[in-house]
Amino acid sequence: MKYNKIVAYVVSLIMVFTMLVFVPEEKILTVKADSLHDKKACWVSYQDIYNELRDKNEADFRSAVTKMYDNILANRMDTVIMHVRAMGDAMYPSQYYPWSTYISSNRKNPGYDPLKIMVEIAHSKGLKIEAWVNPYRLSLSTTTTDSFKATNYYTKYNSFIYEYKNGDQTCLVLDPSKQEARDLISNGVKEIVTNYDVDAIHFDDYFYVSAMVNSYDDNKRPSIQTRKDNVNKLIKQVYATIKSVNPDCEFGISPEGNLDNARNQGADIDTWLSNEGYIDYIMPQIYWTDSYKLMSGSISTMFTDRCKAWQSINVLDKPIYVGLALYRVGEKNSTDLGWSASNNNLAKQYEIAYGKGYDGYSLFRYEWLNKSISKTELKNLNSYIDLLDGKFPSNANSYVSYITHVQSYGWQSAKTDGVLSGTTGEAKRLEAISISLGDKAGEGGITYRTHCQSYGWKPWVCDGEISGTMGESKRLEAIQIKLTGIVAEKYDVYYRVHAQSYGWLDWAKNGQAAGTATYGKRLEAIQIVLVEKGGKAPGNIENPYATRNVSYSTHVQTYGWMDKVYDGAVAGTSGQAKRLEGIKISLVDNLYSGDIVYRTHCQTYGWLDWVKNGELSGTSGQSKRLEAIEIKLTGEISNYYDVYYRVHCQTYGWLDWVKNGEMAGTSGQSKRLEAIEIKLVPKE
């Protein structure tokens, strides 16, 4: 999600909306050509190939690949990252590597070209296919080491192979310091790009693994910078090799999600993302939740923090995709608590990544698409993807578009039908918004207003006009949206906002306020969608608006006027035998017209006259106690809210709640009021 800075003229904005093209919803098992995501991928590892494709004749192989791709498509993905070289081997006929035991158990030619078939079927289904290569790894255990040593390639490449111990296992890698190793890897990549119409070459995070580094004597162990230099030589050579054969073929790398660990392995991520000629995209493997327990016992937002850290070093604004740990869903882990605490991890993680500007994702790995423990997680992820792709909810129509002016970024590109506009996790304020109807504009209009820092509620505007400010650094704090004309008879407009401190609030509907107006919290993102009348709301609708409805302050014996409090908080004292002597009550948010009116029963005077909206009821400076109070709403606001209140009374303590003009306290008993609570409650 890259941020397009659009010239801030009203005419230009209206032209953007006028030129929007709405694309009908695609059916399942097709790739959505205009997807907002550059990549929705699935890693198909050597384990998956072993489980699904090993030792098959050509007909069965084609059938199994087709089934695999249909499964990927059914989960809304458009890219397959196929492991074609896992351990110094090949899933295709190669002049540089032996046949992989994961495709052919005896390392013999199966009689057909598996990669050619995988590419052919992928493209026939509209899937992109990337060739996934482990550049250095030759083996992962003593068993796989013995298997590779049994080939003539071990003797051929022995001068630039490094052998090391990982625990009790013997492993092999190509030595990253040797030019012969770099040439072999580059030639192997060239072979793939020359012979197969793959869309990308994909490297994973297997560079200088820690067990290999630790196997060196202390005085021979390569420094971190040396590791980076050696790996950079390879990456630059591979990039140039790919582009010399097919400039349209991309080169991407998926490093370890911990940035420091990646650097220690020789992945010079800072150079790759700030200099041309290394990679076309980055895909960090961010395999943690936001409920990660640190050694101190505190909980870290590990996923969000890593997402932000990767984007912060993306100097060239390269496409960035997030690697998601499908294989960890439901995992019971004493450190990473989120996997077992929720079945909505993947959806939430991609929502976070998307809000930070990530362009797509990949799931590790294919096998977990078929596990029952994954089903709900995948369903929730796909529901979120549907929303972003304009397919949520199922009874919504592509008839609303909106554009926001975001702190630092300016005007974003237009979004439609539930797609997030703005940012999350970046502490960027929305400063202005413009909203329009699409094809239904001829049947009515859309009108809206925003609560803006310093200004309060701005006037209502409609149909592409700007609400808010530009160039003033003023935050939007709340919004109301409603439809007019025939379209209002056919549809409900739902909208929700991401607010500072609160995150996503619930969905508001048809003119309700969404946001935090009187708390002064910035809006950071918004989603808007039309739903046919009688249709299901997009989500929870209980709490779209965090606001202060009523404020009140009391004059207390000895203390005088105390600080103003809000919405059910205690004003006054209890346990100190201090009398209330006066009170002022105000409505804070004026969404609805009307007044709050009240009167008090005062020592010596009895019932005083009704007052309203911040006027004093009672006395100050006369040492007269309040003994009772009545409060009620008048005007439009009384149709939407009841006012509840209760008092702390001498001798009795807290009395029961009363509402709408009923008496709280006593009269004729000379009992002082000592404290009060007041709140507005929406009518059912």
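**Figure 1. Contacts of Ser-186 in helix H7.** Leaving aside neighbours within four places in sequence, Ser-186 touches Leu-234, Gln-237, Val-238 and Thr-241 in this predicted model. Ser-186 itself belongs to helix H7, which covers residues 179-195. Is Ser-186 buried or exposed? Ser-186 is buried, because its relative accessible area is 3%, and the limit for a buried residue is under 20%. Tyr-239 is 53 residues from Ser-186 along the chain, and the C-alpha atoms of the two are separated by 8.8 Å.

**Figure 2. The protein as a whole.** The model contains 16 helices and 43 strands. Taken along the principal axes, the box filled by the C-alpha atoms is roughly 110 × 65 × 45 Å. The protein has 684 residues, and 57% of them are buried. About 27,700 Å² of the protein is exposed, with carbon and sulfur atoms supplying 45% of that area. There are 77 positive and 79 negative side chains, and the centres of these two sets lie 3 Å apart. What share of the contacts between residues at least 6 apart in sequence join residues at least 24 apart? The share is 69%.

**Figure 3. The loop between helices H2 and H3.** Helix H2 (46-53) and helix H3 (58-74) are joined by a loop that holds Asp-55. Lys-56 is found in the loop between H2 and H3 as well. Asp-55 is not a glycine, yet its phi is positive, at about 55°. Most residues other than glycine have a negative phi. Asp-55 is partly exposed because its relative accessibility is 48%, and partly exposed covers the range between 20% and 50%. For Lys-56 the relative accessible area is 29%, so Lys-56 is partly exposed. Not counting residues up to four places away in sequence, Lys-56 is in contact with Phe-61, Ala-64 and Tyr-112. Gly-111 is 55 residues from Lys-56 in sequence, and their C-alpha atoms are 10.0 Å apart in space.

**Figure 4. A cis peptide bond at Phe-364 and Arg-365.** The peptide bond that joins Phe-364 and Arg-365 is cis, with omega at about 0°. Most peptide bonds are trans. Where does Arg-365 lie? Arg-365 is in the loop that runs between strand E12 (360-363) and helix H15 (375-388).

**Figure 5. Ser-473 in the loop before strand E23.** Ser-473 is placed in the loop between strand E22 (466-468) and E23. Ser-473 has a positive phi of about 55° and is not a glycine. Its relative accessible area is 45%, so Ser-473 counts as partly exposed.

**Figure 6. The largest pocket and its lining.** Rolling a probe the size of a water molecule over the atoms shows where empty space is left. The largest pocket has a volume of about 660 Å³. How many residues line the largest pocket? The lining is made of 23 residues, and Gln-512, Pro-544, Tyr-545, Tyr-641 and Pro-682 are nearest the centre of the pocket. Two or more lining residues come from strand E23 (476-485), and likewise from strand E43 (673-682).

**Figure 7. The second largest cavity.** Two cavities of 30 Å³ or more are present in the structure. The second largest cavity encloses about 70 Å³ of space. Ten residues line this cavity, and those closest to its centre are Asn-549, Asp-589, Leu-591, Tyr-592 and Tyr-641. Tyr-641 is also named among the residues nearest the centre of the largest pocket.

**Figure 8. Gln-557 and Thr-604, two loop residues.** Gln-557 sits in the loop between strand E29 (550-556) and strand E30 (560-561). Apart from neighbours within four places in sequence, Gln-557 is in contact with Ala-577, Lys-578, Arg-579 and Glu-581. Between Gln-557 and Leu-234 there are 80 Å in space, C-alpha to C-alpha, and the two are 323 residues apart in sequence. Leu-234 is one of the residues that Ser-186 touches. Thr-604 lies in the loop between strand E34 (595-602) and strand E35 (606-607). Thr-604 is exposed because its relative accessible area is 63%, and exposed means over 50%. From Thr-604 to Glu-276 the distance is 85 Å, C-alpha to C-alpha, with a separation of 328 residues in sequence.

Methods. Residues numbered from 1 in each chain as written. Heavy atoms only, no water. Helix = DSSP H or I, 4+ residues; strand = E, 2+ residues; numbered from the N terminus. Buried < 20%, exposed > 50% of the residue type's maximum accessible area, 1.4 Å probe, protein only. Contact = heavy atoms within 4.5 Å. Areas by Shrake-Rupley, 256 points an atom, 1.4 Å probe, with all protein chains shown as cover. Lys, Arg positive; Asp, Glu negative; His and termini not counted. Charge placed at Lys NZ, Arg CZ, Asp CG, Glu CD. 1 Å grid on protein atoms, 1.4 Å probe; cavity = no way out; pocket = protein on both sides within 12 Å on 5 of 7 lines; lining within 4 Å. Points joined across faces, edges and corners; volume = space filled by probe spheres on them.
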